[in-house]
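Q: Please take a close look at a single part of this model, the charged side chains that pair with one another. I would like a connected account of how they are arranged.

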Amino acid sequence: MNNWVWPVTLYLGKGLLVTLWISLLTVILATMLGLLIAALSQSTLTFARFVGRLYVELFRGVPSLMILLFVFFALPQIGLRTGPLTAAIIGLGLWGGANIGEVFRGALDSIPHRQEQGARALGLSATEALVFVILPQAFRRALPPYVGQLTVLVQASALTSVVGVSDLLGSARQMIERLAYVGTGDSHAIEIYLGVLSIFFVICYSLTGLASMIERRLRV
């Protein structure tokens with residue numbers, strides 16, 4: 001084994017942990033925002049529905065990288081001093097919240113209105129009809145595309161290296177630059193990026209497989 005392999009592997013391992021941490025926090029933030037957006041879309045208040053729709057259209061109409069960069073540079077301008085990691089999580093969370101919100105909204109809208117009417121006719125209150133009749137069905141329909149969105153967020157986490165986060169991709173770039181200036185000058189870029197590519201493939205393929213398995217189970 002070449003003497004550069006083990007140090008690079010250890011360094012990439014640290015970057016992988018950062019990537020997984022970013023992905024986890026981003027998913028949590030995006031899911032919370034998505035639930036809020038879905039709730040606004042079902043509101044009887046026109047203004048609330050307008051706010052939810054405006055959020056979705058705004059953040060889905062802009063590339064995730066632009067949102068990430070905007071949050072990174074804009075937060076300090078309004079007095080919020082955050083590091084690259086926090087800015088990256090907020091930026092990707094805002095972007096992911098719009099997409100996940102659309103998943104939840106679509107699932108809720110797919111439930112026929114007559115089911116709520118039927119539940120109300122059986123004596124359930126509006127809240128009970130929502131909790132015991134609408135949400136269980138909407139959850140089943142939202143689950144496969146929701147897991148698909150998690151895959152997208154994991155892939156988008158690779159963008160965080162742009163603002164200086166030492167995630168998996170950022171760690172790979174740092175090691176390539178170091179190797180280029182030491183030893184024989186060979187950066188081993190192809191081998192290192194192939195390793196990063198393989199790690200992302202394993203993570204995303206596993207999530208995609210999970211989404212497919214859930215979809216098959218729900219069809220039964």
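A: What follows is an account of the salt bridges and of the helices that carry them.

This is a predicted model, in which local features need pLDDT of at least 70 and side-chain atom pairs count only at pLDDT 80 or more, whereas totals for chains, interfaces and linings use all residues. Residues are numbered from 1 along each chain as its sequence is written, and side-chain values use heavy atoms, with hydrogens and water left out.

Side chains of opposite charge can pair when their charged atoms come close. A search of the whole structure finds five salt bridges, a salt bridge being a side-chain nitrogen of Lys or Arg within 4 Å of a carboxyl oxygen of Asp or Glu. Arg53, Glu57, Arg60, Glu102, Arg105 and Asp109 are joined in a network of such bridges.

One of the pairs is formed by Arg53 and Glu57, whose side chains meet at 2.8 Å, N to O. Both residues belong to helix H2 (residues 46-60), where they lie four residues apart, about one turn of the helix; helices here are DSSP runs of H or I with at least four residues, numbered from the N terminus. Arg53 is partly exposed, with a relative accessible area of 30%, and Glu57, at 48%, is also classed as partly exposed, given that buried means under 20% relative accessible area, exposed over 50% and partly exposed in between, with a 1.4 Å probe and protein chains only.

Helix H4 (residues 84-109) holds Glu102 and Arg105, three residues apart and so separated by about one helical turn, and their side chains meet in a salt bridge of 2.8 Å, N to O. Arg105 also pairs with Asp109, at 2.7 Å, N to O; these two residues are four apart in H4, again about one helical turn. Glu102 counts as buried at 13% relative accessibility, whereas Arg105 is partly exposed at 24% and Asp109 is partly exposed at 45%.

A residue of another helix can be set beside this region: Ile37 lies in helix H1 and is buried, with a relative accessible area of 6%. Leaving aside residues up to four places away in sequence, Ile37 touches Gly52, Tyr55, Val56, Gly97 and Gly101, where contact means heavy atoms within 4.5 Å.
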